[in-house]
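Student: I have a structure in front of me and would like to learn how the words used to describe it are justified. Please take me through it one term at a time.

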Amino acid sequence: MLEAHEKHRTHETHETHETYETYENPILDADWSDPDVVRVGDDFYLTASSFGRAPGLPLLHSRDLVNWTLVGHALERLEPADEFARPRHDCGVWAPSIRHHDDRFWIFWGDPDQGVFQVNAPDVRGPWTRPHLVKEGKGLIDPCPLWDDETGEAYLVHAWAKSRSGVKNRLTGHRMHPDGTSVLDEGKVIVDGDRIPGWFTLEGPKLYRHDGWFWILAPAGGVETGWQGAFRARDFFGPYEEKIVLEQKDTDVNGPHQGGWVRTPSGEDWFLHFQQRGAYGRVVHLQPVRWDGEGWPVMGDDGAPVAVHRRPALPRQPAAAPATDDDFPGGRFGRQWQWTANPQDGWATQHSGDGLRLSCVRTADAHDLRKLPNVLTQRLPGTPCAVEVELDLRGEEPGARAGLAVLGDAFCWIGLQRGADGTVHLVHRFAEAVAERERDADRPRLAPDERARLRVEIGTGARCRFAYDIGDGFRYSGPVFAATPWRWVGALLGLFALAPEGPGHAGAATFTAFRITPL
């Protein structure tokens, strides 16, 4: 594909069945895991799981439910800060819920090792409060609050992670203090999946009040192949009746479930949910919702996910998507980037020009990027694309290195490393999921001017071809690398700079002109 490089840089569209009157799923083709959505006036806001990355709790905005932009994060750092000073890729922020109540935005989430937290703010752009622990306990996940305007009561529902609690497949309900700071009782199992024939791994509840019923929209059946359930009861504590309202049927959308319901100003109903797509993570789909004669929601095309559908009846908006490209003006990086753990001062330094200047952080884990907290990441795009960045290595320490990585249970990177004799080489390394340290994916090559243009072509099935240009044009390096996710997290693109353990400053690397273009 290298010979077509200029074509890809100038023609940034790809084949689509979408028109202005219609949209095509997925509407967010990257790992915006476990989405939830709320409408405030004419604006829609979405948040998603961020696990152990910082900042966390991404905040996306839309006015048409199809075109979304990333406007910020609600969680600057994970707490307790010391526990997230190192990567914990599958821990941290699980399945948040976003609501608007009492002129404030509220986000509740479960940390499977600590309990249910919330933050709130007067505006989606902040300032957000520090995390407050609403309910302490192991295995408490996927919480959702409800402030019931009809009764003045407040409620909270959550699911359970068996890995921490020994319990799963049930939903627990509480009365909650109206200020959202605590629960008011010991809780009661309000839906027991073990009592519903064929249901397992019931989780991800979202709680609503509609048409005189308490509604819980909750998935079951597992991430890869599950379905979306709806539960309703006249009383919050039950008894609930259930129905499957969205499933794969004869489509190619596996496991269409877990997300949020939202109503437009004109009264249309829509459901946003994820689909697990291997290394790409959990991409987001939009389904129309209607109500049948018995008052149950009917999602998609008679309960099957739609691929293309009429757009919501909302004012026309320009095409938009979360940002990916970055020139790093003044050394600052865009909202699309997250560290693999809580950041420390000095990892990235601001300056008067353009380019991301990363310090070569000294570490005993230089052999394994999965253990490094100072990898700056963004989501892997869900469609074939080419990722490019320019790298200038100014770290003088022998062993100082920097590069562009595809990071998951297995990882692969290409970049520059300084040798013991002071020369700089282009290096390409990888590690299998079971490997404890990286090894060469190709032979090192001398980089005469300490600069390189790095490239990864990501094809179908997240198969990655690495390439480099050290002055004589792009050349492929090593064999194809198949990106892999972590257990719950899609593969990530990463930029890093590091050096072996030792005294003193080890120098820095500068990344410029980060670009992602369709293939």
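Student: The side chain of Asn169 reaches the backbone nitrogen of Thr201 at 3.1 Å; what makes this a polar contact?

Tutor: A polar contact is a pair of N or O atoms within 3.5 Å, where, within protein, one atom must be able to donate a hydrogen and the other to accept it, and residues adjacent in sequence count only if both atoms are side-chain atoms. The distance of 3.1 Å from the side chain of Asn169 to Thr201 is within that limit of 3.5 Å, so the pair passes the distance test. The side chain of Asn169 also makes such a contact with the side chain of Asp194, at 2.7 Å. Please keep in mind that this is a predicted model, in which local features need pLDDT of at least 70 and side-chain atom pairs count only at pLDDT 80 or more, while totals for chains, interfaces and linings use all residues. Residues are numbered from 1 along each chain as its sequence is written, and side-chain values use heavy atoms, with hydrogens and water left out.

Student: Where does Asn169 sit, and is it buried or exposed?

Tutor: Asn169 lies in the loop between α2 (162–165) and β12 (170–175), where helices (H or I, at least four residues) and strands (E, at least two) are DSSP runs numbered from the N terminus. Buried means under 20% relative accessible area, exposed means over 50%, and partly exposed is in between, judged with a 1.4 Å probe on protein chains only. Asn169 has a relative accessibility of 3%, so it counts as buried. Beyond its neighbours within four places in sequence, its contacts (heavy atoms within 4.5 Å) include Val191, Gly193, Trp199 and Phe200.

Student: Why are Glu241 and Arg232 called a salt bridge?

Tutor: The rule asks for a side-chain nitrogen of Lys or Arg within 4 Å of a carboxyl oxygen of Asp or Glu. The closest N and O atoms of Glu241 and Arg232 are 2.9 Å apart, which is within 4 Å, so the name applies. Arg232, at 7% relative accessibility, counts as buried, whereas Glu241, at 35%, counts as partly exposed. By this rule the count comes to 35 salt bridges.

Student: Which parts of the chain does the salt bridge of Asp64 and Arg311 tie together?

Tutor: The side chains of Asp64 and Arg311 meet at 3.8 Å, N to O. Asp64 lies in the loop between β4 (56–62) and β5 (69–75), and Arg311 in the loop between β22 (308–310) and β23 (338–339), so the pair ties together parts that are 247 residues apart in sequence. Both Asp64 and Arg311 are buried.

Student: How do you know that β16 and β17 pair?

Tutor: Two strands pair if DSSP finds at least two bridges between them. Strand β16 (residues 227–233) and β17 have five, in the antiparallel sense, so they satisfy the rule of at least two. As one example, the bridge partner of Gly229 in β17 is Ile244. These strands belong to an open sheet of four, with the order β14-β15-β16-β17 and antiparallel pairing. β14 (206–210) and β17 (241–246) are at its edges with a single partner strand each, so one side of each has no neighbour in the sheet.

Student: What makes β20 mostly covered?

Tutor: Eight of its 10 residues are buried. β20 pairs with strand β19 (residues 269–276) over eight antiparallel bridges, and the two form a hairpin with five residues between them, where Gly278 in the turn has a positive phi of about 60 degrees.

Student: What makes a group of residues a nonpolar core?

Tutor: The members must be buried Ala, Val, Leu, Ile, Met, Phe, Trp, Tyr or Cys residues joined through side-chain atoms within 4.5 Å. The largest such core has 50 residues, of which Leu495, Phe511 and Phe514 touch the most other members. Strand β28 (residues 385–393) gives the most to this core, with five residues. A second, separate core of 41 residues includes Trp94, Trp227, Leu369 and Trp486. In soluble globular proteins, nonpolar side chains tend to be buried together.
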